[in-house]
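I opened my notebook today to get to know a new structure, one small question at a time. Here is what I looked up, in the order I looked.

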Amino acid sequence: MTTSEPGAPAAVTATPAGRRGPRRPVLFFAFSFAVIADPVSSVAYAIEAALRALHGDLALLLPTMALVVGLVVVVTANYWQLVGRFPQGGGAAAAAGRAFGPRWTFVPIGALVVDFVLTIGISIAAAASAVIALFPGLAAFRIPLALLLLLVVAGLTWFGHGGRLLFAVMTLLFVLVSVAVLVLGFVSPHAIGEAPPATDPGRSAALAVVLAFPVAMALATGVEAPATAIAQLGRLDDARRRRFGRGTLALLLVIVGGLTLALTVLAVRLRIGIPGHDSTQIAGIARAAAGSGRLYGAFQLTSSLLLLAAASSSFQAGPGLFKALAGTAERPGVLPAAFGRTNRHHTPYWAVVVHLAAAGLIIVAAAGKEQELVLFYAVAVFVSFLVGLMAMTRFARTERKTALAWLNGAAAGAVAFTLAVNLLRGWPTLSLTATLFVAGALHLLWVRAGRPTGIDDAEARAEAA
């Protein structure tokens, strides 16, 4: 929920800093709804991930997701500070570089590289699942369908950032259709599932929730997007960038938190448990709430398009980061110059090819099932969260803001605990290993290139390009 960081429409960057008038709310809408496509799309699989970790115990689903949303609030509060301190963008990478030195910058950058690839993989797999839930006959072709969608999204990336406004539209449509489904589900549901299983009396409910909630922290992926995407607002001054960034964070929290909790309550109320192989829990909620008619079809269509938009955003942000790290004739870079070569639409095509190949391998390895990837997804981005919180704690201590230092330290502890619980599950250590490998490789290349300056601004340059 990796990040991913969809861009703002070109109209945002074309607006002079001093311009006022009716366009300002439109600009904010276009920027914000495009940026939050990734975290909003995570709602499609995060709730089901928590239920699977609870072994289908619906009685514990609401407290689990409430804890997840609570931690999302904590992470969002940190990025609220990051936006205030770095209004020109940069996020956790900029914070790490300023607080601990340039070599630390590579840890959040490595985490983002892994997160971008995983965002593409899990979003494409989830979109395929949404299509299959609408057309169950396609279940036997899950992997080919997912790979076809991957190729389509990668192909559209060739044409650059022209479709950014579409991200905002897809996000808004999904939210509106979801609200309609929720209203109908609470007022006049079409079906109710089987009774939820009773909680195992030999198991501690509190322990079950604590062990399950980190799995669903994929919901937090994409929270870092506003802190870096504000670099796109090149013609706005720092004060307006802060307002855009913080306003987007607030909107993200309201929409993602609200949809998550409302859908969770509805799932418990309608007794929608773990789905079969040809459906998803969120599809089951929509079907039970709205029946199998047009509203259900609209819900599946908008959710699949939103997921594809989230994948597309990472297909832009990931290669954009590679381009920012690549060397040019004017300055040395960390990555080979080939990763900075672009077509006439300013798309770094070799970097796109690398992300396409990596995401394709991940989809095949996971058999095209997004739930197989959720555990891995919630690890890489939490490394970035942790480093960012540690940096903000360092700043607060240096500036003798004791209360803020304790708050950030406690938040870092909560993020570290979440990360540790996920790593204890075994396989997610592969995600951490990949993150540290990428970070280490980039650091080595940076040293060999003569330690060029400005590495902590790589994320900001990637978004501003």
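**Entry 1: one threonine.** A reminder to myself before starting: this is a predicted model. I began with the side chain of Thr418 and asked which backbone oxygen it reaches. The partner turned out to be Ala414, and the distance is 2.9 Å. I then checked where Thr418 sits, and found it in helix 17, which covers residues 402-423.

A general point helped me here: an α-helix has 3.6 residues a turn, so residues three or four places apart point the same way.

Is Thr418 buried or exposed? I found it buried, because its relative accessible area is 0%, and the cut-off for buried is under 20%. Next I set aside the neighbours within four places in sequence and listed what else Thr418 is in contact with. My list reads Leu71, Phe213, Pro214, Met217 and Phe382.

**Entry 2: helix 4.** I moved on to residues 43-53, which form helix 4. How many of its 11 residues are buried? I noted 9, so I wrote "mostly covered" beside this helix, with buried meaning under 20% relative accessible area. Among the buried ones are Val43, Tyr45, Ile47 and Leu51, and Glu48 is on the list as well. After helix 4 comes His55, and I noticed that its phi is positive, near 60 degrees.

**Entry 3: the second largest pocket.** Here I wrote down a volume of about 420 Å³. Helix 4 and helix 16 (374-398) are the elements that give two or more residues to the lining of this pocket. The largest share, 4 residues, comes from helix 4. Of the 21 lining residues, I found Glu48, Arg52, Glu370, Gln371 and Glu372 nearest the centre. Sorted by class, the lining has 8 nonpolar, 6 polar and 7 charged residues.

**Entry 4: the largest cavity.** Last, I looked for enclosed space. The largest cavity holds about 60 Å³. Which helices each supply at least two residues of its lining? They are helix 7 (106-134) and helix 14 (294-325), and helix 14 gives the largest share, 4 residues. The lining includes Ala126, Ala130, Phe299, Gln300, Ser303 and Leu307. By class I counted 6 nonpolar, 3 polar and 1 charged.

One cross-reference pleased me: Glu370 lines the largest cavity, and Glu370 also appears among the residues nearest the centre of the second largest pocket. Ala44 is another cavity-lining residue, and I had already met Ala44 among the buried residues of helix 4.

Technical notes. Residues are numbered from 1 along each chain as its sequence is written. This is a predicted model: local features need pLDDT of at least 70, side-chain atom pairs count only at pLDDT 80 or more; totals for chains, interfaces and linings use all residues. Side-chain values use heavy atoms; hydrogens and water are left out. Buried means under 20% relative accessible area, exposed over 50%, partly exposed in between (1.4 Å probe, protein chains only). A polar contact is a pair of N or O atoms within 3.5 Å; within protein, one must be able to donate a hydrogen and the other to accept it, and residues adjacent in sequence count only if both atoms are side-chain atoms. Contact means heavy atoms within 4.5 Å. On a 1 Å grid over the protein atoms alone, a cavity is a set of points where a 1.4 Å probe fits but cannot get out, and a pocket is an open set with protein on both sides within 12 Å along at least five of seven lines; lining residues have an atom within 4 Å of a point. Grid points are joined across faces, edges and corners, and a volume is the space filled by probe spheres set on the points. Ala, Val, Leu, Ile, Met, Phe, Trp, Tyr, Cys and Pro count as nonpolar, Asp, Glu, Lys and Arg as charged, and the others, Gly among them, as polar.
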